[in-house]
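Open your viewer and get the selection tool ready. We'll go stop by stop, with something to pick out at each one.

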Amino acid sequence: MGAQLRLLRRRIRSVKSTAKITRAQELIASSRIVKAQQRMQAAVPYEREITHAVSAVLTHTAGVDHPLTVAKERPASAGVLIVTSDRGFAGGYNANILREAEALKGHLTGRGLTVKPYVVGRKGLTWHRFRSREMFGEWDGFSDKPSYADAKEIADALIESFKVEDGIDEIHVVYTGFVSMLTQNVIVKRILPLEVEETETPSEGIPPYYEFEPTAGDVLDTLLPRYIESRIYNALLQSAASEHAARRRAMKSATDNANELIRVFTQQMNQARQAEITQEISEIVGGANALADAAAGKE
Amino acid sequence: MAKLRVGVVSPERELWTGEADMVIAKTVDGEIGIMPEHAPVLGVLVEGGVLRVKRDGGADLVAAVHGGFISVANNDVSILAEKAELGSEVDVARAKDALQRAQASIEADQEDADARHKARRAAARLRAAGEEV
């Protein structure tokens, strides 16, 4: 067998095994997107209720200034929560997040703020470590299946450093929003000082005048951290779904590329084999002719 | 008489929604009973409380609720719990075990806030499951 033929066979074998791996990754990611979407759906009622409650309280306590809702007069530093994934194989997913985070950093630095990164996900952690950047919070190990406890841990750390003197004065979050299976966008948002987002159109008009147990201030004290936890939980869930979607897409194109490569190599291999056969035949024919000529010459 | 529309939700899922005649929950100020046409209230729930929803033509719905809020407006009652578990879902043996362990560590160290916390939670879960604590 010719050297070229052997070489092509080997390459085809290796590309085939790669295709098997990427195909498996693609299938795993597809099944996980569905689960991640279900988790997003399951979190919707709580988010809706808590947003509703927060806006109701804030409407009636306009006079009450809560530390979490008031912008500091001279903000000096901003915390940026960057949500990346733990594993790669997800195309541009992490690169997009980190690019936006850098843009936000530039923007905040332009406003004269010191930027303090808080990073979720192993990919973001290694990115920061490689550049020897200081991180003020590091979490990993749950990017593809975040639990509420994870969100709570992050929120606690952020709120804690927001409350202390010379901690952080603003908190921004950079994550990937899940729009659909095909579309995921990087979203940059400020979560503190608080801006309450109404997820649905305020059709019910002005919320009723609530009685508070025990007092409006106490309710706000416990309600606002829960609200922030829920926002962060939402960001983690959306990022998880986006991660799986990005991975599925990346793995699908990898599988497609591998199959195309296999097709091209197979063609080349067949050509090489055919060329070898043709050559062999012409050698045999040539040899036989030479023998016949020699025999004819003797007579 | 009008009915209450009740929703019990935790961040990770919606536990239960439906109509009811009365909701009893424990806020930091004490027990609060909500019946239809109740004035709007927003209350902070205690850690390790038991929520009871009275329905006609059916057994009460009981749930262990750990922290969170109750909000009442226009006959809509929502219970937002950080963690919640329906009484029927409680693993009694595990909850008892957790309670015993927590009590043991309280006896060993009176200042152990974490163990007290755990004991309250376990007790609430047992009460929700209909056990005597």
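At roughly what angle do the axes of helix H4 and helix H5 of chain A cross? Select residues 148-163 of chain A for H4 and residues 216-298 of chain A for H5: the axes come within 8 Å and cross at roughly 125°. Keep in mind as you look around that this is a predicted model.

**Stop 1: H4 against H5 in chain A**

An angle of roughly 125° is above the 65 to 115 range for perpendicular and not over the 145 needed for antiparallel, so H4(A) and H5(A) count as oblique to each other. The crossing of these two helices is right-handed.

Now show side chains. On the H4(A) side, pick A:Tyr148, A:Asp150, A:Ala151, A:Lys152, A:Ile154, A:Ala155 and A:Ile159. Across from them in H5(A) you'll find A:Pro225, A:Ile228, A:Glu229, A:Ile232, A:Tyr233 and A:Leu236. Colour this contact by class and you get 10 nonpolar and 3 charged residues, with no polar ones.

**Stop 2: H1 against H5 in chain A**

Keep H5(A) on screen and add H1(A), residues 3-60 of chain A. These axes come within 5 Å and cross at roughly 160°, which makes H1(A) roughly antiparallel to H5(A). This crossing is left-handed. By class, the contact of H1(A) with H5(A) has 34 nonpolar, 14 polar and 14 charged residues.

**Stop 3: where chain B touches chain A**

Bring chain B into view. Here 24 residues of chain B are in contact with 24 residues of chain A. To find the chain B side, select strands S1 (4-10), S2 (13-20), S5 (41-44), S7 and S8 (76-86) of chain B, each of which gives two or more residues. Which strand supplies the largest share? That's S5(B), with 4 residues. The chain B side as a whole divides into 12 nonpolar, 7 polar and 5 charged residues.

**Stop 4: the two domains of chain B**

Hide chain A and colour chain B in two parts: domain 1 is 4-87 and domain 2 is 90-128. Taken over C-alpha atoms, their centres are 23 Å apart. Where they touch, domain 1 of chain B puts in 10 residues and domain 2 of chain B puts in 9.

On the domain 1 side of that contact, look at strands S6 (49-54) and S7 (61-73) of chain B, each supplying at least two residues. S7(B) has the largest share there, 4 residues. That side of domain 1 is made up of 4 nonpolar, 4 polar and 2 charged residues.

Next, select residues 4-84 of chain B. An unreviewed UniProt entry lists this span as "domain: ATP synthase F1 complex delta/epsilon subunit N-terminal". The span is 72% strand and 0% helix, and its end C-alpha atoms lie 20 Å apart.

**Stop 5: the helix pair in chain B**

Finish with H1(B), residues 92-108, and H2(B), residues 113-128. Their axes are 8 Å apart and the helices pack at an angle of about 150°, which makes H1(B) roughly antiparallel to H2(B). H1(B) passes H2(B) in a left-handed crossing.

For the side chains, start with H1(B), where the contact residues include B:Val92, B:Ala95, B:Leu99, B:Ala102 and B:Ile106. Among their partners in H2(B) are B:Ala115, B:Ala119, B:Ala122, B:Ala123 and B:Leu126. Charged residues take part too, including B:Lys96 in H1(B) and B:Arg116 in H2(B). The full contact comes to 11 nonpolar, 2 polar and 4 charged residues.

Definitions and conventions: Residues are numbered from 1 along each chain as its sequence is written. Chains are lettered from A and ligands numbered from 1 in the order in which they are written. This is a predicted model: local features need pLDDT of at least 70, side-chain atom pairs count only at pLDDT 80 or more; totals for chains, interfaces and linings use all residues. Axes are lines fitted to C-alpha atoms, for helices over the stretch in contact, and angles run from 0 to 180 degrees between N-to-C directions. Angles under 35 degrees count as roughly parallel, over 145 as roughly antiparallel, 65 to 115 as roughly perpendicular and the rest as oblique. A crossing is left-handed if the near helix is turned anticlockwise from the far one by less than a right angle, and right-handed if clockwise. Two residues are in contact if their C-beta atoms, placed from the backbone, lie within 7 Å. UniProt positions are given in the numbering used here, feature names are shortened, and annotations may be inferred rather than shown by experiment. Domain bounds come from an automatic or database domain assignment.
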